[in-house]
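Open the model in your viewer, show side chains as sticks, and follow along from one selection to the next.

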Amino acid sequence: MGRSAAAGVARMRAWRAHCYGPPAELRLEEARVPALRAPDHLLVRVRTASINPLDVAMIGGYGARVLNALRSLEGVDVEFPLVVGRDFCGDVAQAGSACTFRTGRRVWGVLPPHWPGSHAQYVVVRDRWVGEAPSALGDLEAGGALYAALSACAALRAAGLPPRAATVRRPAPRVLLLGLGGVGHAALQLLQYSGAQVVVGCASELCPRALALGAVAALDRHAEDYDRALEELGPYDAILDCAGLGGAAAGARRWQFARYVTLSAPLLREADARGLLPGAASAVLSLAAHSAAAAWGSAAGVTGGAGTCRAAQVRWAFFSPSGEDIQLLRRLADDGKFAVAVERAYPWWAGGAAYERAAAGSARGKLLLDFTAAPRDAPGAVAQ
């Protein structure tokens, strides 16, 4: 990879798209190492970076209208070439004058979707979006942790269950967690830390993992009696949709709950289709409709009618970088209370195969790019 950035290296390798797909023109290219643009910026030499579903969607053009508007607000009008990748683990190569972290520190971090991403040998990030990487997690686990875990933190807050240590002063909430992918895996661990009783609905092969992480019950989502079992194990203080079902699913079953939180909000999709303001209006109307259907369905599950409606609500949750949550996750990891499941790490030059695997879906752990791997033509390198 050449000399360090501090020593003046000017070029790096990065996975970049030059248009939206399908098919997207995703290429491994030589690019300029990004420069620090503000006193709170860090340049990080990336060790590992994960591939999230959002990355695959963004290459296809998802969210382009909103993300371009956010770029414009920050005075950056460059859309292409597009580098995706929302989280990473690496070493600080250069630090602005206002940064907490200094050169050489091993850090993990995240980037908002409108920033150039981490699927490159170097990335620029704000100081508050990184933290000291947990010593208990290796580079692969740390590189695949934060986007999913911070999304889970946002979902818990939207459900009225902020991640915090359990106390004996309040009753344990009962939560239905739908899906045990990256976000669901993190959410289950955070709910355990908070003392919640968690019922998990997931693929049958993931049920043992859910129980090992502390779920009180794990249900096979393909079982014939799945819907009945979900109803019988309620009522729930909250339902967390980490399976991409969306808000419409909140009113599709006769379950009882107070809040249904989904990470599959239609806002970006509607903005892409209709424009910023019409899309936002359409998304808000759909949220109101989903909440009304959920309130009716939850009440019907209690009485057979709508007479005792519990005012069930549907809410959206969005990933957001949070320094406070990054520090909490580091403490939990080092205390053995937060871990990351990894399916496979690909050498940085095999990113095409990694993106194809991510696009296929149903990964049983995080998919990562390993930027510490030897070059393809180096002795001992394994072809993909």
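## Aromatic pairs

This is a predicted model, and its rings make a good starting point: the structure holds six aromatic pairs. Select Trp115 and Trp129 to begin. Their ring centres are 4.9 Å apart and their planes stand at 80 degrees, so this pair is edge-to-face; the cut-off for that label is over 60 degrees.

Now turn on the cartoon and see where the two rings come from. Trp115 sits in the loop between β5 (106-110) and β6 (122-126), while Trp129 sits in the loop between β6 and β7 (130-132), so the pair ties together parts that are 14 residues apart in sequence.

Are these two rings buried or exposed? Trp115 has 4% relative accessibility and counts as buried. Trp129, at 8%, counts as buried as well.

For a second pair, pick Phe257 and Tyr260. Here the arrangement is tilted, with 6.2 Å from centre to centre and 55 degrees between the planes. Both Phe257 and Tyr260 are buried. Add Trp255 to the selection, and you have a cluster of Trp255, Phe257 and Tyr260 linked by ring pairs.

Before leaving the rings, go back to Trp115 and add Arg37. Arg37 lies over the face of the Trp115 ring, at 5.3 Å from the ring centre.

## Salt bridges

Next, colour the charged side chains: the structure holds 17 salt bridges. Which residue does Arg157 meet in a salt bridge? Select Asp325: the closest N and O atoms of the two are 2.7 Å apart. This contact links distant parts of the chain, with Arg157 in helix α4 (residues 146-158) and Asp325 in helix α10 (residues 323-334), 168 residues apart.

A surface view shows how the two partners are placed. Arg157 is partly exposed at 37% relative accessibility, whereas Asp325 is buried, with a relative accessible area of 4%.

Stay on helix α10 and select Arg330 and Asp334. Their side chains form a salt bridge at 3.8 Å, N to O. The two residues are four apart in helix α10, and therefore about one helical turn separates them. Asp334 is partly exposed, its relative accessible area being 31%.

Then move to Asp225 and Arg228, another salt bridge, where the closest N and O atoms are 3.0 Å apart. Asp225 is partly exposed at 36% relative accessibility, and Arg228 is partly exposed too, at 42%.

For the last charged stop, select Arg47, Asp91, Arg106 and Asp139 together. Salt bridges link these four residues in a network.

## Strands side by side

Finally, hide the side chains and follow the backbone. Strand β11 (residues 236-241) and strand β12 (residues 257-262) run parallel and are joined by five bridges. Which residue of β12 is the bridge partner of Ile239? The partner is Tyr260, a residue you have already met in the tilted pair with Phe257.

From β12, continue to strand β13 (residues 313-316). These two strands also run parallel, with four bridges between them. To find one place where they meet, select Arg259 and Gln313: Gln313 is the bridge partner of Arg259 in β13.

As you bring the side chains back, keep one rule of thumb in mind: in a regular strand, side chains alternate between the two faces of the sheet.

Conventions
Residues numbered from 1 in each chain as written. Predicted model: local features only at pLDDT ≥ 70, side-chain atom pairs only at ≥ 80, totals over all residues. Heavy atoms only, no water. Phe/Tyr/Trp six-rings, centres within 6.5 Å; stacked < 30°, edge-to-face > 60°. Buried < 20%, exposed > 50% of the residue type's maximum accessible area, 1.4 Å probe, protein only. Lys NZ or Arg CZ within 6 Å of the ring centre and 35° of its normal. Pairing = 2+ DSSP bridges.
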